[in-house]
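Biologist: I should like to go through this structure with you, one question at a time. Please give the reasoning behind each answer.

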Amino acid sequence: MSMGSESVKVVVRCRPLNDREKALSSKMVLSMDLQRCQCFIEKPGAVDEPPKQFTFDGTYYIDQTTEQMYNEIAYPLVEGVTEGYNGTIFAYGQTGSGKSFTMQGVTEPAAQKGVIPRAFEHIFESIQVCWTQNTKFLVRASYLEIYNEEIRDLLGSDTKQRLEVRKINKSGRTV
Ligand SMILES: Nc1ncnc2c1ncn2[C@@H]1O[C@H](COP(=O)(O)OP(=O)(O)OP(=O)(O)O)[C@@H](O)[C@H]1O
């Protein structure tokens, strides 16, 4: 099945060992077959046990960049949003696994600029291209933190203020 035909795609990104892990002489237990989108996790010390094998819609190893991930995964999704479709990019992983690195990113090197700034540039470039006197665009953004069951508005004047989740109708909730 081609990547384009899936409505939900799950891709995995592996980050390099951090300084703490290097200082502990930790070993990489994860390897990938990027062509087949497979990842293999071996149990340290268990030489005769075959590695556990998982297949995803995309696999990104330590030397892949956010630029590459964006072009392959996020670009078509954001492009769809500019055409009126809904799209969600959801970063999931344990603490320190690289969610912020992927979503927010770093300015140097440029190839590791995050998905969020790339999506903003992409959306505003599309608007610039389509803009005519008769076309109006409305871009809204919110930035919420959900941490330990508590919700905060990171764009609000008081980012420490806890927000309540309210039911607005049968199926909807708002904060
Ligand atoms: N692909 C990568 N290449 C190089 N460094 C990375 C990569 N992914 C993550 N890192 C580094 O690993 C560290 C942890 O990453 P990050 O802060 O993004 O994790 P997180 O999943 O957002 O953690 P938390 O849930 O605790 O906020 C950071 O120092 C980050 O720079």
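Biologist: How many disulfides does a search of the whole structure find?

Modeller: This is a predicted model, and a disulfide calls for two cysteine sulfur atoms within 2.5 Å. The sulfur of Cys14 has its closest cysteine sulfur in Cys39, 8.3 Å away, so the two are too far apart for a bond. Cys37 is in no disulfide either, as the nearest cysteine sulfur, in Cys39, is 11 Å away. The number of disulfides found in the whole structure is 0.

Biologist: Is Cys14 buried or exposed?

Modeller: A residue counts as buried when its relative accessible area is under 20%. The value for Cys14 is 11%, and therefore Cys14 is buried.

Biologist: Where in the chain does Cys37 lie?

Modeller: Cys37 has a relative accessible area of 17%, which means that this residue is buried. Its phi is near 55 degrees, a positive value in a residue other than glycine. The strands on either side are β2 (30-33) and β3 (38-41), and Cys37 lies in the loop between them.

Biologist: In what order do the elements of the chain run from the N terminus on?

Modeller: The chain has 4 helices and 10 strands. Read from the N terminus on, the order is β-α-β-β-β-β-α-α-α-β-β-β-β-β.

Biologist: Is the chain more spread out than a compact globule, or the opposite?

Modeller: For 175 residues the globule rule gives 16 Å, whereas the radius of gyration of the chain is 20 Å, well over that value. Along the principal axes, the C-alpha atoms fill a box of roughly 65 × 40 × 40 Å. The comparison of the radii therefore describes the chain as more spread out than a compact globule.

Biologist: What percentage of the 175 residues in the chain is buried?

Modeller: The chain exposes about 13,900 Å², of which carbon and sulfur atoms supply 52%. Counted by residue, with buried taken as under 20% relative accessible area, the buried share of the 175 residues is 21%.

Biologist: How far apart do the centres of the positive and negative side chains lie?

Modeller: There are 21 positive and 22 negative side chains in the chain. Each set has its own centre, and the distance between the two centres is 7 Å.

Biologist: Which residues does a cis peptide bond join?

Modeller: One partner is Pro109, found in the loop between α3 (99-103) and α4 (115-130). The omega angle of the bond is about -5 degrees, and the residues joined are Glu108 and Pro109.

Biologist: Is Asn148 buried or exposed?

Modeller: Asn148 sits in the loop between β6 (144-147) and β7 (150-153). Its phi is near 50 degrees, which is positive although the residue is not glycine. Exposed residues have over 50% relative accessible area. Asn148 reaches 61% and therefore counts as exposed.

Biologist: Which residues does Val115 touch, not counting those up to four places away in sequence?

Modeller: Val115 has its place in helix α4. Its relative accessible area is 7%, so Val115 is buried. Outside the excluded stretch of sequence, the residues that Val115 touches are Thr66, Tyr70, Ala74, Ile89, Thr102 and Met103.

Biologist: What distance separates the C-alpha atoms of Val115 and Glu21?

Modeller: Along the chain, Val115 and Glu21 are 94 residues apart. In space, their C-alpha atoms are separated by 26 Å.

Note on methods. Residues are numbered from 1 along each chain as its sequence is written. This is a predicted model: local features need pLDDT of at least 70, side-chain atom pairs count only at pLDDT 80 or more; totals for chains, interfaces and linings use all residues. Side-chain values use heavy atoms; hydrogens and water are left out. Buried means under 20% relative accessible area, exposed over 50%, partly exposed in between (1.4 Å probe, protein chains only). Helices (H or I, at least four residues) and strands (E, at least two) are DSSP runs, numbered from the N terminus. The radius of gyration is taken over C-alpha atoms; the globule rule is 2.2 Å times the number of residues to the power 0.38. Accessible areas come from the Shrake-Rupley method with a 1.4 Å probe; for residues, only the protein chains shown count as cover. Lys and Arg count as positive and Asp and Glu as negative; His and the chain ends are not counted. The place of a charge is taken as NZ of Lys, CZ of Arg, CG of Asp or CD of Glu. Contact means heavy atoms within 4.5 Å.
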